[in-house]
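The following exercises are to be worked through with the sequence and the coordinates at hand. Each task is followed by a solution in steps.

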Amino acid sequence: MTTARHRPTQDSSAPPGPAPCDDECCDLVTVPARQGLEAVDILRRGAGDTVGPVLHDGSCDTLGFLVPPGTADGWDLPGSACTQTFGRGMSVYAEQAPGPSGPVVPEPPVAGTGWLLPPDGETDPVTDPAVLRAALGQAARTIEAADNCR
């Protein structure tokens, strides 16, 4: 769980309030890469488009799933963290028109990351937190079973 409990203010004492977000911002759930990749597979095999854009860090140690703003307020899944962004640069929309070779993929919103699954305008802009929680749980069980078979 993130340690962010309030937004910085001049007196550094403001309690959490409504995030100054529009429809383009999101929170970020980070998990170890192995569990995240398994969860992506689970989500992509599910019915419909259930996985939104996914980031990977530069060393490929973690994956980050973009989720709706406010998810961090109640996220408590062991082995993962959810970071509140309060709209600080976490937009997943390209501001340019599609180019001759297809849609323009925006730069990742976090320095030192890249897109595993970029936003494409066809899937949801974020992953449903309840669906993600279930997929991460299934992924953890799958990994544990595979490790116990060795």
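**Exercise 1. A residue of the second helix**

Determine whether A130 is buried or exposed, and locate it relative to V67.

Solution. Step 1: A130 counts as exposed because its relative accessibility is 53%; buried means under 20% relative accessible area, exposed over 50%, and partly exposed in between, with a 1.4 Å probe and protein chains only. Step 2: A130 is found in helix α2. Helices (H or I, at least four residues) and strands (E, at least two) are DSSP runs, numbered from the N terminus. Step 3: the C-alpha atoms of A130 and V67 lie 10.0 Å apart in space, while 63 residues separate the two in sequence.

The model is predicted: local features need pLDDT of at least 70, side-chain atom pairs count only at pLDDT 80 or more, and totals for chains, interfaces and linings use all residues. Residues are numbered from 1 along each chain as its sequence is written, and side-chain values use heavy atoms, with hydrogens and water left out.

**Exercise 2. Confidence and overall content**

State the mean pLDDT of the protein, and identify the elements along the chain.

Solution. Step 1: the mean pLDDT is 77, and 66% of the residues reach 70 or more; pLDDT is the predictor's confidence in each residue, from 0 to 100. Step 2: over residues 1–20 pLDDT stays under 50, and for this stretch the model has 23 contacts beyond four places in sequence. Contact means heavy atoms within 4.5 Å. Step 3: the protein has two helices and five strands, which follow one another from the N terminus as β-α-β-β-β-β-α. Step 4: of the 150 residues, 33% are buried. Step 5: among contacts between residues at least 6 apart in sequence, 76% join residues at least 24 apart.

**Exercise 3. The sheet**

Establish the order of the strands and the sense of their pairing.

Solution. Step 1: the order is β4-β1-β3-β2-β5, in an open sheet with antiparallel pairing. Two strands pair if DSSP finds at least two bridges between them. Step 2: β4 (81–83) and β5 (113–117) are the edge strands, each pairing on one side only. Step 3: neighbouring strands are turned by 30° against each other on average, direction ignored. Axes are lines fitted to C-alpha atoms, for helices over the stretch in contact, and angles run from 0 to 180 degrees between N-to-C directions. Step 4: helix α1 packs on this sheet, where it touches β1 (27–32), β2, β3 and β5, and its direction makes about 45° with that of β3.

Which residues stand opposite G64 in β3? On one side is L55, and T30 is also opposite G64. Six bridges join β1 to β3 in the antiparallel sense, and three bridges join β2 (residues 54–57) to β3 (residues 62–67), again antiparallel. V54 stands opposite F65. Five of the six residues of β3 are buried, and the strand is thus mostly covered. On the β5 side, β2 is joined by four antiparallel bridges, with D57 opposite T113.

**Exercise 4. The hairpin turn**

Describe the backbone and the exposure of C60.

Solution. Step 1: C60 lies in the loop between β2 and β3, which form a hairpin with four residues between them. Step 2: phi of C60 is near 60°, a positive value in a residue other than glycine. Most residues other than glycine have a negative phi. Step 3: C60 is partly exposed because its relative accessible area is 47%.

**Exercise 5. The two helices**

Characterise the packing of α1 and α2, and the place of Q35 in it.

Solution. Step 1: helix α1 (residues 33–45) and helix α2 (residues 129–148) pack at about 120°, with their axes 8 Å apart. Step 2: the contact includes R34, Q35, E38, A39, I42 and L43 of α1, and among the residues of α2 are V131, L132, A135 and L136. Step 3: by class, this contact has 10 nonpolar, three polar and three charged residues. Ala, Val, Leu, Ile, Met, Phe, Trp, Tyr, Cys and Pro count as nonpolar, Asp, Glu, Lys and Arg as charged, and the others, Gly among them, as polar. Step 4: Q35, in helix α1, counts as buried because its relative accessibility is 13%. Residues up to four places away in sequence aside, Q35 touches G79, L136, A139, A140 and I143.
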